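Welcome, and thanks for taking a look at this one. Here is a short tour of the internal spaces, the helix packing and the annotated regions.

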Amino acid sequence: MESSSTGTGGARRQATRQKLYEAAVTLIAEKGFSATTVEEIAERAGVAKGTVYYNFASKNDLFEELLRHGVGLLTASLRTAAEETEARGGSRVEALDAMIRAGLVFIDRYPAFTQLYVAELWRTNRTWQSTLMVVRREAVAVVETVLREGVERGELSTEIDVPLTAAAMVGMVLVAALDWQSFQSERSLDDVHSALSLLLRGRVSGNR
């Protein structure tokens, strides 16, 4: 899961964190959080155990930062899709469609992280629950902004419940993508995007 940093020291530390994120997300997806040890994360990342504690105070801290990092990347990809659509003069509905595709691309690239994220959303006994709610809110807020702009421009109905619709859209992409990867892997990303695009444009009933 890539990120950027400036300076040699910062870049080196970010590269190390990158290895730890990748190792942690893979192991936790395979074994679960409780069964995964710091030693295993270090071994999978190819670093010493002390390196984990140099970068993170604990396994919990590592996982909390992993969630923050991953959802931050998803949020950035959604925002970029909306901004690029705006820059080329596209409508807000087209921006929402581009965001759906961006979400699918992200999930296709980081399936293990997405599985963890969705699973953790429904847990209530984790120390990072409040952090997870904050980063989830940031991702949904990007969609809310585009929906509100669509209503203001007359592209979308004034009757829509913006917060609930935004949450539903994000949830739709997450669940549909995981179902695609688990049970319909023979389908292409373009195929899945086309199906969700029909939902966005209200054409499931057959009306055009």
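## Spaces inside the fold

The lining of the second largest cavity is made up of six nonpolar residues and one polar residue, with no charged ones. Please keep in mind that this is a predicted model. The residues around the second largest cavity are V71, L74, F106, F113, T114, Y117 and L174, and the space there comes to about 30 Å³. Two helices, α4 and α6, give two or more residues each to this lining. Of the two, α6 has the largest share of the lining of the second largest cavity, with three residues.

How many cavities of 30 Å³ or more does a search of the whole structure find? There are two. The largest cavity holds about 130 Å³ of space. Its lining consists of L74, L78, L96, M99, I100, G103, I107, V143, M169, V170, V173 and L174. At least two of these residues come from each of α4 (59-87), α5 and α8, and α5 supplies the largest share, five residues. By class, the lining of the largest cavity has 11 nonpolar residues, one polar residue and no charged residue. L74 and L174 turn up in the lining of the largest cavity and again in that of the second largest cavity.

There is also an open space to consider. The largest pocket has a volume of about 200 Å³. Lining the largest pocket are Y117, V118, L121, W122, M133, R136, V140, A167, V170, G171, L174 and V175. The elements with two or more residues in this lining are α6 (111-121), α7 (129-152) and α8 (162-183). Among the elements, α8 gives the most to the lining of the largest pocket, namely five residues. Sorted by class, the pocket lining has 10 nonpolar residues, one polar and one charged. Some residues serve more than one space: L174 lines the largest pocket as well as the largest cavity, and Y117 lines the largest pocket as well as the second largest cavity.

For convenience, here are the volumes side by side.

| Space | Volume |
|---|---|
| Largest pocket | about 200 Å³ |
| Largest cavity | about 130 Å³ |
| Second largest cavity | about 30 Å³ |

## How α5 and α9 pack

Now for the chain as a whole. The protein chain has nine helices and zero strands, and reading along the sequence gives the pattern α-α-α-α-α-α-α-α-α. Along its principal axes, the C-alpha trace spans about 60 × 40 × 30 Å.

One helix pair deserves a visit of its own. The axes of α5 (residues 92-109) and α9 (residues 189-200) come within 10 Å of each other and cross at roughly 145°. Which hand does the crossing of α5 and α9 have, left or right? It is right-handed. On the α5 side, the residues in contact are V93, L96, D97, I100, R101, L104, V105 and D108. They meet L189, D190, V192, H193, L196, S197 and L200 of α9. Taken together, the residues of this contact comprise nine nonpolar, two polar and four charged. Two of the α5 residues in this contact, L96 and I100, are also in the lining of the largest cavity.

## Regions from the record

UniProt, in an unreviewed entry, lists "domain: HTH tetR-type" at residues 14-74. In the model, this span is 80% helix and 0% strand, and its end C-alpha atoms lie 18 Å apart. The feature "DNA-binding region", also from an unreviewed UniProt entry, is placed at residues 37-56. Over residues 37-56 the chain is 75% helix and 0% strand, with 14 Å between the end C-alpha atoms.

Definitions and conventions
Residues are numbered from 1 along each chain as its sequence is written. This is a predicted model: local features need pLDDT of at least 70, side-chain atom pairs count only at pLDDT 80 or more; totals for chains, interfaces and linings use all residues. Side-chain values use heavy atoms; hydrogens and water are left out. Axes are lines fitted to C-alpha atoms, for helices over the stretch in contact, and angles run from 0 to 180 degrees between N-to-C directions. Helices (H or I, at least four residues) and strands (E, at least two) are DSSP runs, numbered from the N terminus. A crossing is left-handed if the near helix is turned anticlockwise from the far one by less than a right angle, and right-handed if clockwise. Contact means heavy atoms within 4.5 Å. Ala, Val, Leu, Ile, Met, Phe, Trp, Tyr, Cys and Pro count as nonpolar, Asp, Glu, Lys and Arg as charged, and the others, Gly among them, as polar. On a 1 Å grid over the protein atoms alone, a cavity is a set of points where a 1.4 Å probe fits but cannot get out, and a pocket is an open set with protein on both sides within 12 Å along at least five of seven lines; lining residues have an atom within 4 Å of a point. Grid points are joined across faces, edges and corners, and a volume is the space filled by probe spheres set on the points. UniProt positions are given in the numbering used here, feature names are shortened, and annotations may be inferred rather than shown by experiment.
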